[in-house]
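Trainee: Please take a close look at one part of this model, the salt bridges and the residues around them. I would like one connected account.

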Amino acid sequence: MATLRFSPFLSNSSSPPLSPLYPSLLPSRQFSPFKRLHLQRSLSISRSRFLSFALAESDSAKSLEEDSIQPLLQELSDCLKLPPDFLSSLPNDLRVDLNDAAFDLSNGPVLDECGDEVGEMLLNLSRAWERADTSTSNSIAEKLPSIESSLKGRAKLALGKRLVSAGRRFQAMGQYGNGEVQKIANSMIKTGKELSKTPVIVTDEELDRKSKKLKFGEIEFELTPEKANIGAAVGVLFGVLSWALTQGVQSIPESSMQYANDNALMLAKSLRGALLVLCYSSTLLSGFTSIGLLLLGRQLSNENKPE
């Protein structure tokens, strides 16, 4: 009796595909959804680790940059500590350069640009140089390292520019003594250039908060809507008083003036006329000033309103 045996590896063209029985013979490689999810999570973790590493590197670079300011300030402080009566012993031509350095160090709105603490120190140091007071200059120089916490943003940039300008004045003095002048020049220029590298980013919020100030010699005050309105009220009061004084002088008739001679009468009429002109002018100026201050107060109020 003959029997027929079929091999499982032999099939004709009409036979079904072998993929259900032999998955290892599939030509293409595919990932399951679980493997895809695991791969995406691995990529996201690697990316987050890279970003955290980059941020840590930038923070460390910033900390190193901030720490590098203290040695520069200490070096400048040591260079500015001069022997007794050193400044007073300078020749006349070097005294002129010293005064120029003092001017470059503290000219302009130094308090606004460098802050109150740093600005006051620069003003005191420049006054000591102008008076050739070495002891005061040395005492101020000892406090230089303590201003590091006040040097931020624009203050750091402004101080750097002033130090570079003043350092070039010292550099122009040439060699004198044991080289103290050139040490000051080199330290000032190096410190100033390092401080001038500070990037300053001005935001819209800082521009809006920037206050307006008026300065008359040594007197400086901030402009606010309240102060403008108070000034307008004072102007109105002064104008009313000037108008009342004008009406009182004008109510006196010229016929009531009786004097011993014509010269005295002419002098009285001239004084009356001058007083009337002065009172009318004061009234007009008070009115214009009050209107201007009211408009200024309204403008400041609109600028301070958040958009």
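Mentor: What follows starts with the salt bridges and ends with the largest cavity. This is a predicted model, in which local features need pLDDT of at least 70 and side-chain atom pairs count only at pLDDT 80 or more, while totals for chains, interfaces and linings use all residues. Residues are numbered from 1 along each chain as its sequence is written, and side-chain values use heavy atoms, with hydrogens and water left out.

A salt bridge here is a side-chain nitrogen of Lys or Arg within 4 Å of a carboxyl oxygen of Asp or Glu. By that rule the model has six salt bridges. D100, D104 and R169 are joined in a network of them.

R169 sits in helix α7; helices are DSSP runs of H or I with at least four residues, numbered from the N terminus. The salt bridge from R169 to D100 has its closest N and O atoms 3.8 Å apart. Because R169 lies in helix α7 and D100 in helix α3 (residues 92-106), this pair ties together parts that are 69 residues apart in sequence. R169 also meets D104 in a salt bridge, at 2.6 Å from N to O. D104 is likewise in helix α3, and 65 residues separate the two partners.

Accessibility is given as relative accessible area (1.4 Å probe, protein chains only): under 20% is buried, over 50% exposed, and in between partly exposed. R169 is partly exposed because its value is 34%. D100, at 27%, is partly exposed, whereas D104, at 11%, is buried.

Contact means heavy atoms within 4.5 Å. Leaving aside residues up to four places away in sequence, R169 touches D97, D100, A101 and D104.

Another salt bridge joins E75 and K190, with 3.0 Å between the closest N and O atoms. E75 belongs to helix α2 and K190 to helix α8 (residues 180-196), 115 residues apart. E75 is partly exposed at 30%, and K190 is partly exposed at 40%.

Helices α2 and α7 also appear in the lining of the largest cavity: the elements giving two or more residues to that lining are α2 (69-80), α5 (116-130) and α7 (154-171). A cavity is a set of points on a 1 Å grid over the protein atoms alone where a 1.4 Å probe fits but cannot get out, and lining residues have an atom within 4 Å of a point. The largest share, three residues, comes from α2. Among the lining residues are L73, L76, L80 and M188.

Definitions and conventions
On a 1 Å grid over the protein atoms alone, a cavity is a set of points where a 1.4 Å probe fits but cannot get out, and a pocket is an open set with protein on both sides within 12 Å along at least five of seven lines; lining residues have an atom within 4 Å of a point.
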